[in-house]
Amino acid sequence: MPNSHKPHFLKPLLPDFHSGVSLLIFGFSDLQTIPLGFFSQHIEGKTNRKTWKLRSDATDQTWEVIQEGRRLTGGWKDFTTAHDLQIGDIVIFKHEGDMVFHVTPFGPSCCEIQYTHPHIIKEEADADDAPSFSFDYCFQAEVTASNLKEDKLYLPEGATTCTALNKQCQEIILVNKEGNSWTVSLRFSEADGMYYIRRGWRKFCRANRCAIGDLFVFNVVGDGKTTPLMCVCPEREE
């Protein structure tokens, strides 16, 4: 992926997330461990420090958080409390180097959370107000016998206008309403002029107990440079 010098990982916030984060690196589905490659390239042997410095757009403050093994512990609860993070939010970490991470929180609808200075009052941004990421492309997908058999789902032609995607993307992360995630392959067909996902669509459908005919509304989130997200939008209450 482009921007390999600033790798990203995400953490869907589940019950008891205040007690510590076990990290999910983009491209992996194991919530308990960080792949050896990530440690080898970015952490292990690169520094003796066990303190992460977390920054966000909510405040000028830098939050120091202790890394114990493969978890974030001391200081993490203070960070989540100050940012009013809740179960169902999704937090994206961007590794800036030297154990510094820029943290971007998203609400359950996958819109970036905006904060009002100086009291860190949060509100979920409207799609048109999001400054850094694209949130403005939603589409409906149907589970069909053919796309399950082929393990392939074509995105609508309109996805070519979505700034979160580019033809160099090789992966996209599917996120369900509970915040669980699956990394699947993303390709662009020059012949059809369409993006499609494969090698993972069938697994996503099975994990979510989908039946033929089920419909999803997806919201595509990304900055056009790093691994994009394709989030299931929650049903709206009538």
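A residue is called buried when its relative accessible area is under 20%, exposed when that area is over 50%, and partly exposed in between. By that standard Cys162, with a relative accessible area of 4%, is buried. The structure described here is a predicted model, and the points below take up its cysteines, its nonpolar cores and a few individual residues.

**Cysteines**

- A search of the whole structure finds 0 disulfides, where a disulfide would require a pair of cysteine sulfur atoms within 2.5 Å.
- For Cys162, the closest cysteine sulfur belongs to Cys138 and lies 9.3 Å away, so the two are too far apart for a bond.
- Cys205 is likewise without a partner, because its closest cysteine sulfur, in Cys210, is 4.5 Å away and this is too far for a bond.
- Cys205 is also buried, at a relative accessible area of 2%.

**Nonpolar cores**

- In soluble globular proteins, nonpolar side chains tend to be buried together.
- The largest nonpolar core here has 28 residues, and the members that touch the most other members are Leu165, Ile197, Trp201, Phe204, Phe218 and Met230.
- Two or more residues of this core come from each of the strands β11 (134-142), β13 (171-175), β14 (181-189), β15 (194-198), β16 (215-222) and β17 (229-232), and also from helix α4 (201-207).
- Strand β14 gives the largest share of this core, with 4 residues.
- Apart from this core lies another one, made of 17 residues that include Ile43, Leu54, Ala58 and Val103.

**Trp201 and Asn147**

- Once neighbours within four places in sequence are left aside, Trp201 is in contact with a set of residues that includes Val143, Asn147, Leu148, Asp151, Lys152 and Leu153, as well as Leu174, Val184, Phe216 and Phe218.
- Asn147, one of those contacts of Trp201, lies in helix α3, which spans residues 145-150.
- With a relative accessibility of 7%, Asn147 counts as buried.
- Beyond its neighbours within four places in sequence, Asn147 is in contact with Glu142, Lys152, Leu153 and Trp201, and of these Lys152 and Leu153 also appear among the contacts of Trp201.

**Glu171**

- Glu171 lies in strand β13, which is one of the elements giving two or more residues to the largest nonpolar core.
- Glu171 itself counts as partly exposed, because its relative accessibility is 29%.
- Although Glu171 and Leu229 are 58 residues apart in sequence, their C-alpha atoms are 9.3 Å apart in space.

Definitions and conventions. Residues numbered from 1 in each chain as written. Predicted model: local features only at pLDDT ≥ 70, side-chain atom pairs only at ≥ 80, totals over all residues. Heavy atoms only, no water. Buried < 20%, exposed > 50% of the residue type's maximum accessible area, 1.4 Å probe, protein only. Core = buried A, V, L, I, M, F, W, Y, C linked by side-chain atoms within 4.5 Å. Contact = heavy atoms within 4.5 Å.
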